[in-house]
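Trainee: I would like to go through this model with you. Could we begin with the terms?

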Amino acid sequence: MAKYKINTTCVQGGYTPGNGEPRQIPIVQSTTFKYNTSEDMGKLFDLEASGYFYTRLQNPTNDFVAGKICELEGGTAAMLTSSGQAANFFAVFNIASCGDHVVASSSIYGGTFNLFAVTMKKMGIDFTFVSPDCTDEELNAAFQPNTKAVFGETIANPALTVLDIEQWAKAAHSHGVPFIIDNTFATPVNCRPIEWGADIVTHSTTKYMDGHGAAVGGCIVDSGKFDWMAHADKFPGLCTPDDSYHGITYATKFGNAGAFITKCTAQLMRDFGSIQSPQNAFILNLGLESLHVRMARHCENGQAVAEFLAKHPKIEYVNYCGLPGDKYHEVAKKYLPNGSCGVVSFGLKGGRKAAEVFMKNLKLAAIETHVADARSCCLHPANATHRQMTDEQLTACGILPNLVRFSCGLEDKEDLIADISQALDKVQD
Ligand SMILES: *Cc1c(COP(=O)(O)O)cnc(C)c1O
């Protein structure tokens, strides 16, 4: 599609029907695809021709939707995965294997932290976690000769730290490795990390992209900017022949624009099969069609709720980069000039008990482990995701016992504030 503004790409990107074809993206509900000759099919298996043969690897519905996200992020190639977890696993495992090392921000989604620090560690890949607030020296000191990638989140879930994307991309590039960034919370409507130097962008499309709490999914987008052959010694998987495809070399055959996603599809999707169902891809696309309209409202509500809480006498602290006093306000002005997201976290005076009373009395916001939904929801990590930890352990990992994560939905902000206000009134001083 021609280059349009982001609002237009949300609505029409990825799919342009021909004469007499369906206006809406068709759901290709078929596991397999028919060919006239074995030679035709053989060319697909040799990666000599592009086309579909089995939905475990690729499906046209998914590719239309991945194409839209690719346009939104300003990439050259993209693929959908079954979940955000699968997207982050594939993005890293596509270039790092047993014996390798990755530098990651310490402020990332808990599921990703587990994937890296526990499961991928068992696979022989080591991670060094560095604070998103680090100096250049601290960041550079984390690299090793076997480092293959750098990983971070634009806005971290749930800590709401904002990453200095240029700083992290620069460090990655000076060590000859790509910078992978999870852009789930910001979405390309509010930040396009490729414009700031990121090489690979990942998403949990389960969150704002779907936006309606309807379909779990993920996405990987390649900027096409990383020069694999210039660092061929570090990336043998991309820069030396693949025996499972008759000795093709991804970086030379598909170039910087296509090598990463082609390898990820041809090897990892083939072998692990974490494909998004075409039905979910269709649902995801319905969400994408209004992403630009919804993000503005999520941010408006997030800002209003954060401002209300910051002035409330029963609130001890509020984390929201849209607040002038926030630690990440300045860095957010640079990377998120139009707003960040609808998630606000805050602590109640009166600790864990006060947080419990507050949550119990909310009427509009439901208690869920989810975020980034059209319906407001909230979570008390000390009682849910981090329940096994003592107050001392919680404090050490930056999730205080009184912390509440509140995801502002698309309701009227006055109703949200009234609900929060009445629930705070129930908390005893
Ligand atoms: C939710 C989330 C994930 C994991 O995505 P799933 O779709 O739940 O697998 C990864 N990264 C971030 C930032 C998330 O919020």
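Mentor: Certainly; a salt bridge is a side-chain nitrogen of Lys or Arg within 4 Å of a carboxyl oxygen of Asp or Glu. This is a predicted model, in which local features need pLDDT of at least 70 and side-chain atom pairs count only at pLDDT 80 or more, while totals for chains, interfaces and linings use all residues. Residues are numbered from 1 along each chain as its sequence is written, and side-chain values use heavy atoms, with hydrogens and water left out.

Trainee: How many salt bridges are there between domain 1 and domain 2?

Mentor: The count between these domains is two. Separately, the side chains of Lys334 and Glu166 meet in a salt bridge, at 2.6 Å from N to O.

Trainee: Which bounds does the domain assignment give?

Mentor: Domain 1 covers 9–287 and domain 2 covers 293–425; such bounds come from an automatic or database domain assignment. Taken over C-alpha atoms, the domain centres are 30 Å apart. The contact (heavy atoms within 4.5 Å) takes 27 residues from domain 1 and 29 residues from domain 2.

Trainee: What about the area buried between domain 1 and domain 2?

Mentor: That area is about 2400 Å², with carbon and sulfur atoms giving 61%. Buried area is the accessible area (1.4 Å probe) that two parts lose on being put together, summed over both.
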